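Colleague: I have just opened this model and would like to learn how to read it. Could you walk me through a few features?

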Amino acid sequence: MEKIIQELRELVEWPLLHPEIYSHIGVYPPRGILLHGPPGCGKTLLAYAIAGECQCSFFPVSAPEIVSSISGKSEHKLRTLFWKAKDKSPSILFFDEVEVITPKRSNLQREMEKRIVAQFLTCFDDIDRDPNIFVMVLGATNHPENIDKALRRAGRFDREIKIGIPDKIARKHILHVITAKMIISNNFSFSYLAKKTHGFTGADLKILAKEAANLCIKRIFTKMMEENEPLIKTNEKLENRQRLSKLLKNHKDPLSREELAPLEIKLRDFIQALKYIKPSMKREGFSLVPDITWEDVGALDEIKSSLQTSIVEPIQEPMLYEHMNVQMSCGALLYGPPGCGKTLLAKAVAAESGASFISVKGPELLNKYVGESEKAVRELFQRANASLPCIILFDELDSLAPIRGSNDSSVSERVVNQLLTELDGLETRDNIFVIGVTNRPDMIDRAMLRPGRLEKLLYVPLPDSEGRISILTKILR
């Protein structure tokens with residue numbers, strides 16, 4: 001998070017430690033920063049870290065604790081909190097889950113909730129009135145779109161910092177930090193583990209380390225049990241658990257240094273712990289990147305080369321394209337007879353690039369309720385935007401984007417329109433690549449296949465004799 005940390009230093013640490021610079025120049029320093037991103041990415045940790053660096057008064061608040069059932073009590077709590085922060089100036093006010101007390105007023109039914117939002121806005125504005133008092137307000141949320149728009153204007157939350165899901169290099173750095181105080185084996189490969197933990201956030205990696213430590217401890221206790229009493233083959237699981245429990249009850253003395261000496265966490269403990277941890281991206285609707293490489297794909301050399309150039313290389317070497325001022329490809333459509341390896345190619349692209357991966361299976365986005373299908377498409381691209389770079393795979397695209405006017409369903413037409421605007425609308429799609437897979441390209445709306453959308457059309461043919469030899473070699477190897 002080097003860039004984000006540097007940005008926070010400029011926005012928080014400099015004004016807190018040297019407010020006289022801003023008063024001398026004649027400008028007001030920033031008053032509010034909104035940190036947003038998927039759960040477990042380190043928003044709260046960043047807030048505590050910047051407060052620790054500044055060594056100033058820190059008021060962490062869990063937003064739901066502001067809400068009270070008594071009329072006027074919630075507003076009083078907010079006013080008191082801001083008064084305390086002013087008295088202890090310079091100080092930092094940190095609201096975790098800030099969307100709970102600042103939802104959009106247009107969607108609210110209860111007057112109490114509207115009053116809480118209004119009070120928060122008034123307290124925010126009061127900070128600016130005295131230039132000698134400096135209070136920085138930090139907010140953290142997973143759903144910035146649910147926050148009232150009046151709070152997201154300049155003068156309140158001046159800056160919004162997006163914290164995304166860590167990539168391979170970031171995961172390697174995070175693992176170094178997490179395991180700094182742990183006893184790990186000498187031949188521990190951080191790069192290999194970072195590659196295996198695709199989609200893991202910082203919180204997921206922390207839980208993974210705990211699970212690996214538990215497996216290491218279990219291995220040591222099992223070794224002690226084997227030395228004290230031989231294992232019985234029959235009813236092994238139940239017997240071993242009973243014996244281990246009995247051994248631990250009898251062995252109440254602390255373990256000696258000689259017994260603790262072989263205790264170290266190995267890479268295999270982390271790999272085994274991966275089976276028990278479900279990463280946040282998987283829960284958020286992301287798919288785990290398949291363990292498939294170009295070596296698993298037989299024949300299709302020309303198509304592999306084309307996908308490598310158009311999708312994999314732009315993800316791995318973005319600076320090269322930026323330096324050459326060349327616009328990256330938006331996506332590709334793989335079409336051909338069933339069973340020729342279209343989906344396998346798409347999975348291999350996702351694995352080779354190391355990007356985040358979302359797999360959409362045919363018409364699963366369609367919903368019978370009005371507006372829900374379009375909402376699902378919007379949320380799909382929002383999730384992709386939260387963890388760049390990202391590859392979205394639309395399997396059986398013909399069922400999701402049929403030719404408009406070919407049937408009586410208005411739902412499918414609205415979904416196609418939403419897809420078109422997301423693919424090439426007013427908002428930019430930096431580092432989001434779309435791969436469509438179908439065996440009926442004639443049924444896909446023509447607008448989907450123009451340059452700037454699914455611009456690369458790749459035909460995946462039936463294998464010839466040499467191709468079949470290559471495929472059999474891959475299968476039998």
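Modeller: Gladly; we will go from the overall picture to single residues. Please keep in mind that this is a predicted model.

Colleague: Let's begin with the whole chain. How many helices and strands are there in the protein chain?

Modeller: The protein chain has 18 helices and 10 strands. Among its 477 residues, 43% count as buried. The chain exposes about 26200 Å², and carbon and sulfur atoms supply 53% of that area.

Colleague: What share of the contacts in the protein chain comes from residues 24 or more positions apart?

Modeller: Taking the contacts with a separation of 6 or more, 80% are between residues 24 or more positions apart.

Colleague: Now the strands. In which sense do strand 2 and strand 3 pair?

Modeller: They pair in the parallel sense, over 6 bridges. To find the place on screen, look for P60, which stands opposite F94 in strand 3. Then follow the chain: from strand 2 it passes through helix 4, residues 73–87, and on to strand 3, making a right-handed β-α-β crossover.

Colleague: How should I read aromatic rings, and how many aromatic pairs does the count come to?

Modeller: Look at two things, the distance between ring centres and the angle between ring planes; planes over 60 degrees apart count as edge-to-face. Here the count comes to 11 aromatic pairs. Take Y48 and F58: their ring centres are 5.0 Å apart and their planes stand at 75°, so this pair is edge-to-face. Y48 belongs to helix 3 (residues 43–54) and F58 to strand 2 (residues 57–62), so the pair links distant parts of the chain, 10 residues apart.

Colleague: Are those two rings' residues buried or exposed?

Modeller: Neither extreme applies: Y48 is partly exposed, with a relative accessible area of 43%, and F58 is partly exposed at 22% relative accessibility. Y48 also pairs with F94, with ring centres 6.3 Å apart and planes at 75°, so that pair is edge-to-face too. Since Y48 lies in helix 3 and F94 in strand 3 (residues 91–96), the pair ties together parts 46 residues apart in sequence. F94 counts as buried, at 1% relative accessibility.

Colleague: Which residues do ring pairs link into a cluster?

Modeller: F82, F95, F120, F124 and F157 are linked that way.

Colleague: Next, cysteines. How many disulfides does the count come to?

Modeller: The test is whether two cysteine sulfur atoms lie within 2.5 Å. Here the count comes to 0 disulfides. C54 is a good example: the closest cysteine sulfur, in C56, is 5.0 Å from its own, which is too far for a bond. C54 is buried, with a relative accessible area of 6%, and C390 is buried at 0%.

Colleague: What about backbone angles? Which value does phi of A299 take?

Modeller: Phi of A299 is near 55°, a positive value in a residue other than glycine. A299 sits in the loop between helix 12 (280–283) and helix 13 (301–316), and counts as buried at 15% relative accessibility. E396 also has a positive phi, of about 55°, although it is not a glycine. Look for E396 in the loop between strand 8 (390–395) and helix 17 (410–424); at 36% relative accessibility, E396 counts as partly exposed.

Colleague: Let's finish with places that are apart in sequence. Where does R477 lie?

Modeller: R477 is in the segment after helix 18 (465–476) and counts as exposed, at 63% relative accessibility. From R477 to D296 there are 181 residues in sequence, yet the C-alpha to C-alpha distance is 9.8 Å. Leaving aside neighbours within four places in sequence, R477 is in contact with E295 and D296.

Colleague: And which residues is E313 in contact with, leaving aside its neighbours within four places in sequence?

Modeller: Those contacts are with Q308, P318 and Y321. E313 itself is in helix 13 and is partly exposed, at 33% relative accessibility. Its C-alpha is 9.6 Å from that of E352, with the two positions 39 residues apart in sequence numbering.

How values were computed: Residues are numbered from 1 along each chain as its sequence is written. This is a predicted model: local features need pLDDT of at least 70, side-chain atom pairs count only at pLDDT 80 or more; totals for chains, interfaces and linings use all residues. Side-chain values use heavy atoms; hydrogens and water are left out. Buried means under 20% relative accessible area, exposed over 50%, partly exposed in between (1.4 Å probe, protein chains only). Rings of Phe, Tyr and Trp (its six-membered ring) pair if their centres lie within 6.5 Å; planes under 30 degrees apart count as stacked, over 60 as edge-to-face and the rest as tilted. Helices (H or I, at least four residues) and strands (E, at least two) are DSSP runs, numbered from the N terminus. Contact means heavy atoms within 4.5 Å. Accessible areas come from the Shrake-Rupley method with a 1.4 Å probe; for residues, only the protein chains shown count as cover. Two strands pair if DSSP finds at least two bridges between them. A crossover is right-handed if, with the strands pointing away from the viewer, the path from the first strand over the helix to the second runs clockwise.
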